Amino acid sequence: MTNSKNFTVDHFIPVSWGHGGLTIGNVYPLDSNLNSCKRDKNPFVWFEENREKINEERWNSLVSYIAEQNDLTVEELREFTFWCDSNKRSIEQVKADQRNSKEIWRKASQNV
């Protein structure tokens, strides 16, 4: 999202949330300094807090790419991400219920 050549791999949905994981639809290259400030924040909230440092067109492209990789619309990706943020899972919970997080989210969304 910048022209930096100093980047690391970031997880769009932080692994520490117990969702997203190490899948192709959850990782992307990110400037090392931006990755350090993102940490385990909700990427949509983080973007709003760092708008002045991030190229908005590239951000939108990234969000579209992540959504497409996950068979979601951009709005669904946003809803899913906020749901993951509000429903973090421990390692024990992930081991006990190994369903895909999207499956859990969709079922939870139907029960609302």
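Let me begin with the aromatic rings, where a search of the whole structure, which is a predicted model, finds nine aromatic pairs. Ring pairs link Phe 12, Tyr 28, Phe 44, Trp 46, Phe 47, Trp 59 and Phe 82 into a cluster, and several of these names will come back as I go through the chain, so please keep them in view on the structure above.

Now to the chain as a whole. The protein chain holds six helices and two strands, and, read from the N terminus on, its elements follow the order β-β-α-α-α-α-α-α. Its C-alpha trace spans about 40 × 25 × 25 Å along the principal axes. For 112 residues, a compact globule would have a radius of gyration near 13 Å, and the protein chain, with 14 Å, agrees with that. Of those 112 residues, 37% count as buried. If we take the contacts in the protein chain with a separation of 6 or more, 59% of them are accounted for by residues 24 or more positions apart.

The element I would like to spend most time on is helix α3. This helix covers residues 56-69, which makes 14 residues, and from its first C-alpha to its last it reaches 20 Å, close to the 20 Å expected at 1.5 Å a residue. Which residues of α3 are buried? They are Trp 59, Leu 62, Val 63, Ile 66 and Ala 67, and because they cover an arc of only 130 degrees around the axis, they sit on the same side of α3. On the other side of the helix, Glu 57 and Glu 68 are exposed. As for what covers the buried residues of α3, the list includes β2 (27-31), α2 (43-49) and α4 (74-86). Trp 59, one of the buried residues of α3, is also one of the members of the ring cluster with which I started.

Both ends of this helix deserve a look. At the start of α3, a side-chain oxygen of Asn 55 reaches to within 2.9 Å of the backbone nitrogen of Glu 57. Just after α3 comes Asp 71, with a positive phi of about 55 degrees. Asp 71 is found in the loop between α3 and α4, and it is exposed, with a relative accessible area of 66%.

Why pause over the sign of that angle? The reason is that most residues other than glycine have a negative phi. There is also Arg 39, which is not a glycine and yet has a positive phi of about 50 degrees. Its place is in the loop between α1 and α2, and Arg 39 is exposed, with a relative accessible area of 62%.

In that loop between α1 (32-38) and α2 we also find Lys 41, which is partly exposed, with a relative accessible area of 35%. Its C-alpha atom is separated by 7.3 Å from that of Pro 14, a residue 27 residues apart from it along the chain. Setting aside neighbours within four places in sequence, Lys 41 is in contact with Pro 14, Trp 17, Trp 46 and Glu 49, and with Glu 49 there is a polar contact between side chains, at 3.3 Å.

Moving past α2, we come to Asn 50, in the loop between α2 and α3. Is Asn 50 buried or exposed? Asn 50 is buried, with a relative accessible area of 6%, and a polar atom of its side chain lies 2.8 Å from the backbone oxygen of Trp 46. Trp 46 therefore appears three times in this account: as a contact of Lys 41, as the partner of Asn 50, and as a member of the ring cluster.Let me finish in strand β1 (residues 7-11), where Asp 10 is found. Asp 10 is buried, with a relative accessible area of 4%. What does its side chain meet in polar contacts? A polar contact of 2.6 Å joins it to the side chain of Tyr 28, and another, of 3.1 Å, is made with the side chain of Lys 38. Leaving aside neighbours within four places in sequence, the residues in contact with Asp 10 are Asn 26, Val 27, Tyr 28, Leu 30, Asn 35 and Lys 38. Tyr 28 brings us back to the opening topic, as it belongs to the cluster linked by ring pairs.

How values were computed. Residues numbered from 1 in each chain as written. Predicted model: local features only at pLDDT ≥ 70, side-chain atom pairs only at ≥ 80, totals over all residues. Heavy atoms only, no water. Phe/Tyr/Trp six-rings, centres within 6.5 Å; stacked < 30°, edge-to-face > 60°. Helix = DSSP H or I, 4+ residues; strand = E, 2+ residues; numbered from the N terminus. Expected span 1.5 Å × (residues − 1). Buried < 20%, exposed > 50% of the residue type's maximum accessible area, 1.4 Å probe, protein only. Arc of directions from axis to C-beta. Contact = heavy atoms within 4.5 Å. Polar contact = N/O pair within 3.5 Å; in protein donor to acceptor, adjacent residues only side chain to side chain. Rg over C-alpha atoms; globule rule 2.2 N^0.38 Å.
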